[in-house]
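Trainee: I should like to learn how a structure of this kind is read, feature by feature. Could we begin with the overall architecture and then proceed to helix packing and single residues?

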Amino acid sequence: MPLKELLVWQKSIDLAKIIYSVTGQFPKSETYGLASQMQRSSVAIASNIAEGHGRNHRPEFIQFLGIAYGS
């Protein structure tokens, strides 16, 4: 199954878009603090799902899903 068809990946992209929208409204004092951390974390979720999906073995994919969950 192609990555773009994975519901979990689609939802992670939606989450990242929401996070960027919400953190864009944070005070400027949070630009490099909480906002940045939330943005990087949301991107890490989608990135880890994509990286795990590209691996050759299911156990590796499951490992990357766990990493994404931690983000």
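Mentor: Let us start with the elements. The protein chain has three helices and zero strands, and from the N terminus on the order is α-α-α. Please bear in mind throughout that this is a predicted model.

Trainee: What box do the C-alpha atoms of the protein chain fill?

Mentor: Taken along the principal axes, the box is roughly 45 × 20 × 15 Å. Burial may be added to this description: 27% of the 71 residues in the protein chain count as buried.

Trainee: How much of the contact set in the protein chain joins residues 24 or more positions apart?

Mentor: Among contacts with a separation of 6 or more, such residues account for 42%.

Trainee: How is the packing of two helices described?

Mentor: Two quantities are used: the angle between the axes and the distance between them. Consider helix α1, residues 7-23, against α2. Their axes lie 9 Å apart, and the packing angle is about 165°. Angles over 145 degrees count as roughly antiparallel, which is why α1 is described as roughly antiparallel to α2. The crossing of these two helices is left-handed.

Trainee: Which residues make the contact of α1 with α2?

Mentor: From α1 the participants are V8, W9, S12, I13, L15, A16, I19, Y20 and T23. From α2 they are A35, M38, Q39, S42, V43, I45, A46, I49 and A50. Sorted by class, this contact has 14 nonpolar and four polar residues, with no charged ones.

Trainee: At what angle do α2 and α3 pack, and how far apart are their axes?

Mentor: Helix α3 covers residues 58-70, and its axis is 8 Å from that of α2, at an angle of about 175°. By the same cut-off of 145 degrees, α2 and α3 are therefore roughly antiparallel to each other. On the α2 side, the contact is made by I45, N48, I49, E51, G52 and H53. On the α3 side, it is made by F61, F64, L65, I67 and A68. The residues of this contact divide into seven nonpolar, three polar and one charged.

Trainee: I should now like to examine a single residue. Is S42 buried or exposed?

Mentor: The cut-off for burial is a relative accessible area under 20%. S42 has 3% relative accessibility and so counts as buried. This residue lies in helix α2, which spans residues 34-53.

Trainee: Which residues does S42 touch, leaving aside those up to four places away in sequence?

Mentor: S42 touches A16, I19 and Y20. These three residues also belong to the α1 side of the contact with α2. In addition, the side chain of S42 reaches the backbone oxygen of Q39 at 2.9 Å. For a distance across the chain, take S42 and K11: they are 31 residues apart along the chain, and their C-alpha atoms are separated by 11 Å.

Trainee: How does L34 read by the criterion of accessibility?

Mentor: Values between 20% and 50% count as partly exposed, so L34, at 45% relative accessibility, falls in that class. L34 is placed in helix α2. L34 and T23 are eleven residues apart in sequence, with a C-alpha to C-alpha distance of 8.4 Å.

Trainee: Where does P2 lie, and where is P59 found?

Mentor: P2 lies in the segment before α1, whereas P59 is found in helix α3. P2 counts as partly exposed at 47% relative accessibility. P59 has a relative accessible area of 62% and is exposed.

Trainee: What separates the C-alpha atoms of P2 and M38, and those of P59 and Q37?

Mentor: For P2 and M38, 36 residues apart along the chain, the separation is 27 Å. For P59 and Q37, 22 residues apart along the chain, the separation is 28 Å.

Technical notes: Residues numbered from 1 in each chain as written. Predicted model: local features only at pLDDT ≥ 70, side-chain atom pairs only at ≥ 80, totals over all residues. Heavy atoms only, no water. Helix = DSSP H or I, 4+ residues; strand = E, 2+ residues; numbered from the N terminus. Buried < 20%, exposed > 50% of the residue type's maximum accessible area, 1.4 Å probe, protein only. Contact = heavy atoms within 4.5 Å. Polar contact = N/O pair within 3.5 Å; in protein donor to acceptor, adjacent residues only side chain to side chain. Axes fitted to C-alpha atoms, helices over the stretch in contact; angles between N-to-C directions. Parallel < 35°, antiparallel > 145°, perpendicular 65-115°, else oblique. Nonpolar A, V, L, I, M, F, W, Y, C, P; charged D, E, K, R; others polar. Left-handed = near helix turned anticlockwise from the far one by under 90°.
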